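Hi there,

Here is the structure I promised to send over. Have a look at it first, and then read my notes below.

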Amino acid sequence: RAKAQGRNSYKIFDAEMHTQAVNRLTLETDLRKALEREEFVVYYQPIVDIVGDRLIGFEALVRWQHPTRGFVSPAEFIPAAEENGSIVPLDSWMFEKACQQMAIWKSKYPSHFPLKISINLSAQDLRKASFIEDIDRIQSETGLEGSAIALEITESMLIENIKKTIDLLTQLKERKIQISIDDFGTGYSSLNYLHRFPADNLKIDYSFVSQMQQGNRNYQVVSTIIALSNHLGLDVVAEGIETPQQLQWLQQLGCEFGQGYLFSKPLSVKEIETLFLCEAPKKLCQPHGSNSP
Ligand code: C2E
Ligand code: MG
Ligand code: MG
Ligand code: MG
């Protein structure tokens, strides 16, 4: 594009790049301060058993309310946080916050339990020396049992340091904490090592699910991942279910669990509590399209 616009466009390009770099830098500086300024909030997206039609838990998703930029999407700031290392304290805070919240809900709304909380990790979390120690501390502080916790990691995190990763995941399994492979299908997963990791389930990336059409490429990918999961003895969670048609296909293909705007978008603590109070235990995630943003 720069060439087509002639000589001067190099200057424009420079200015654009400069603005981008400055933006990125201030974002990274702001990220460092955001934790202590309490600008992060945890949202909870219901995860549903799409066979038995009941709520099984939530995925904790971070939200950043920036003082001047307003809401900043995780898609924008997670990569920046990974770059400057602030992802490690952020994830640790998310883990603690979400576990505390689950413990509160468990005592306030026991009839809705057992429910599971899923928390996202980044590669750097696994490199932190106190990773297991921190989990043990938070678990003993909140009293949340391992079987109520799932940690989501991506395919690329698995292949980074295979031996060490297997060791860490094994320690998590000893605590009955579950392992989900997130965004499955988008990374460079090698099928011949997948079985070496003590994973419990695969999460099919929402880009495939939300763009499924009868017989199209995304449909084939989804169908293949479900078959692969069954073959490996893993559960499968479909992310990004938006329409009743997608839900029906997934059920037909033998997918057991799902998540998506058809059931609910990610909700605040208040909104989840409203659901707990209004709806019968287990049933609060019947598809209701009106919930879509
Ligand atoms: P993810 O872990 O794959 O989370 C699922 C994403 O899909 C969420 O985006 C969720 O809001 C979105 N989603 C759910 N249902 C639907 C649907 O029906 N349609 C569509 N189009 N999207 C749907 P979100 O909240 O923007 O998060 C983006 C990513 O940021 C997450 O993807 C995760 O990788 C990362 N992330 C979020 N919170 C954290 C965190 O606390 N720590 C770390 N390390 N990463 C996080
Ligand atoms: Mg996730
Ligand atoms: Mg995902
Ligand atoms: Mg992800």
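What follows is a short tour of the metal site, one acidic residue and the nonpolar core.

This is a predicted model, in which local features need pLDDT of at least 70 and side-chain atom pairs count only at pLDDT 80 or more, while totals for chains, interfaces and linings use all residues. Residues are numbered from 1 along each chain as its sequence is written, chains are lettered from A and ligands numbered from 1 in the order in which they are written, and side-chain values use heavy atoms, with hydrogens and water left out.

Let's start with the magnesium ion (ligand 3). Its protein donors (N, O and S atoms within 2.8 Å of the metal, or 3.2 Å for Na, K and Ca) are Asp182 (OD), Asp183 (OD), Glu239 (OE) and Glu239 (OE), at 2.0 to 2.4 Å. Asp183 lies in strand S6 (residues 178–184) and Glu239 in the loop between strand S8 (235–238) and helix H11 (244–253), so the pair ties together parts 56 residues apart in sequence. (Helices, H or I, have at least four residues and strands, E, at least two, as DSSP runs numbered from the N terminus.) Asp182 also bridges to the magnesium ion (ligand 2), with 4.2 Å between the two ions.

Glu239 is buried at 7% relative accessibility, whereas Asp183 is partly exposed at 25%. (Buried means under 20% relative accessible area, exposed over 50%, partly exposed in between, with a 1.4 Å probe and protein chains only.)

Glu155, in helix H6 (residues 155–160), has a side chain that reaches the backbone nitrogen of Gly185 at 3.2 Å.

Finally, the largest nonpolar core (buried Ala, Val, Leu, Ile, Met, Phe, Trp, Tyr and Cys joined through side-chain atoms within 4.5 Å) has 81 residues, of which Phe58, Ile117 and Leu250 touch the most other members. Helix H3 (residues 87–108) gives the most to this core, with 9 residues.

Best wishes

How values were computed:
Polar contact = N/O pair within 3.5 Å; in protein donor to acceptor, adjacent residues only side chain to side chain.
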